[in-house]
Amino acid sequence: MKAVGHQQPLPIEDERSLLDCDVPKPEPGPRDIRVAIKAVSVNPIDTKVRKRATPPAGGYKILGYDAAGIVDTVGSEVTLFQPGDEVFYAGSLVRQGTNAEFHVVDERIVGRKPRTLSFAEAAALPLTSITAWELMFDRMGIAQGKADNRTLLIIGGAGGVGSIMIQLARKLTGLTVIATASRPETIEWCLDLGAHHVVDHSQPMKEQIEKLNLPPVAWMASLTATDQHFKAMADILAPQGVIGLIDDPPPLDITLIKFKAGSLRWESMFTRSTFQTPDMVAQHHLLNRVADMIDAGEIKTTLDKVFGKITASNLRAAHATIESGKSIGKIVLEGW
């Protein structure tokens, strides 16, 4: 089967950084489904793994986590899906990736594809939806419902996770939502997705937020450049507030939030699949809930651009765009 992989960590400008290849079609294990891949999207984690993973000599590391496709066959213990089902999901760090014609994945981290979306539109959603949902509701402890009149600050609102988090927070909580963005197009993107306010993270944020005269900033989702913003975040955070992180900053001085009794929470959407946690199936239910919300018109896809078919050259272009830090929403590739 066709696939795109790499054989050594290289800069994305090097044509050998991602290669078209032919590899054996994978066979599903007992809890696995095999999916005919129709579309994939690219996330920062793809670029990070490309830079550090070295496959065995002569082999290929196949990247890719987000995918949408059609179930081709199922393992002997599968109960949630059957051949012909349309699905979307975000894969696993410890298995080969989705940049291949066929991919095997544990059924417990797969959801039904939203009926109202194309495969490309659906492929934009799984990883970021899981990350945003788990960060807000599982890690930070934000309550669903309309009772909380405090403020959520989303740093990096126009990125993939921020784009879906804005929508989930507006639909499922009573929080005032502030997103950060620094360019006219990203400011407009965040407002269109439902942010109540947008502040410029390239300028002092505390002064901008104080001028809005909003409820206390009890919740902060730091989605990018946490090390650059942490001092400002500690200054803005309300007493007993919570900061949630997803990026990979250098060591932080967390004593800055000690006297506010602040909390720091980490989210990694790959934790459940990597460690096969007992609640792993929560991601199946989560994705089905997102699909229901999409089909009900309550939230929308965060797809921004389709970079063409799933080829090494197109994936190199997608990785370069992600690494530039200038992408908005999600980048998708569709078809072979």
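Let us start at the beginning of the chain, where strand β1, residues 2-6, is joined to β4 by two bridges, the two strands running antiparallel. Within this pairing, Gly5 stands opposite Ile62 of β4. The model you are looking at is a predicted one, and this pair of strands is a good place to get your bearings. Strands of a sheet pair through backbone hydrogen bonds, in either a parallel or an antiparallel way. Here β1 and β4 belong to an open sheet of three strands, ordered β2-β1-β4, with antiparallel pairing. At the edges of this sheet are β2 (19-22) and β4 (61-62), each of which pairs on one side only.

From the sheet we can step back to the annotation. UniProt, in an unreviewed entry, places the feature "domain: Enoyl reductase (ER)" at residues 16-333. In the model, the C-alpha atoms at the two ends of residues 16-333 lie 19 Å apart, and the span is 32% helix and 23% strand.

Next, follow the chain to helix α3, residues 126-139. How enclosed is this helix? Twelve of its 14 residues are buried, so α3 is largely enclosed by the rest of the structure. Among the buried residues are Pro126, Leu127 and Thr128, and the list also includes Glu134, Leu135 and Met136. After the helix comes Gly141, which has a positive phi, near 80°.

Aromatic rings offer another way through the fold. A pair of aromatic rings is described by how far apart the centres are and by the angle of the planes. The count of such pairs in this model comes to two. One of them brings together Tyr65 and Phe270: the ring centres are 5.2 Å apart and the planes are at 65°, so this pair is edge-to-face. The pair links distant parts of the chain, 205 residues apart: Tyr65 is in the loop between β4 and β5 (67-74), while Phe270 is in the loop between β14 (263-266) and α8 (271-275). Tyr65 is buried at a relative accessible area of 2%, and Phe270 also counts as buried, at 6%.

The other pair takes us back to α3, where Trp133 and Phe137 are edge-to-face as well, 5.2 Å centre to centre with 75° between the planes. Because Trp133 and Phe137 are four residues apart in helix α3, about one helical turn separates them. Trp133 counts as buried at 8% relative accessibility, and Phe137 is buried with a relative accessible area of 11%.

Two further rings have a charged partner. The charged end of Arg34 sits over the ring of Phe102, 5.8 Å from the ring centre. Likewise, the charged end of Lys113 sits over the ring of Phe119, at 5.0 Å from its centre.

What about the cysteines? Zero disulfides turn up in a search of the whole structure. Cys21 is buried, with a relative accessible area of 11%, and Cys190 is buried at 0%.

We can finish at strand β10, residues 176-180, which contains Thr176. Is Thr176 buried or exposed? Its relative accessible area is 15%, and because buried means under 20%, Thr176 counts as buried. Leaving aside residues up to four places away in sequence, Thr176 touches Arg150, Thr151 and Leu152, together with His196, His197, Leu214 and Pro215.

How values were computed:
Residues are numbered from 1 along each chain as its sequence is written. This is a predicted model: local features need pLDDT of at least 70, side-chain atom pairs count only at pLDDT 80 or more; totals for chains, interfaces and linings use all residues. Side-chain values use heavy atoms; hydrogens and water are left out. UniProt positions are given in the numbering used here, feature names are shortened, and annotations may be inferred rather than shown by experiment. Buried means under 20% relative accessible area, exposed over 50%, partly exposed in between (1.4 Å probe, protein chains only). Two strands pair if DSSP finds at least two bridges between them. A disulfide is a pair of cysteine sulfur atoms within 2.5 Å. Contact means heavy atoms within 4.5 Å. Rings of Phe, Tyr and Trp (its six-membered ring) pair if their centres lie within 6.5 Å; planes under 30 degrees apart count as stacked, over 60 as edge-to-face and the rest as tilted. A charge sits over a ring if NZ of Lys or CZ of Arg is within 6 Å of the ring centre and within 35 degrees of the ring normal.
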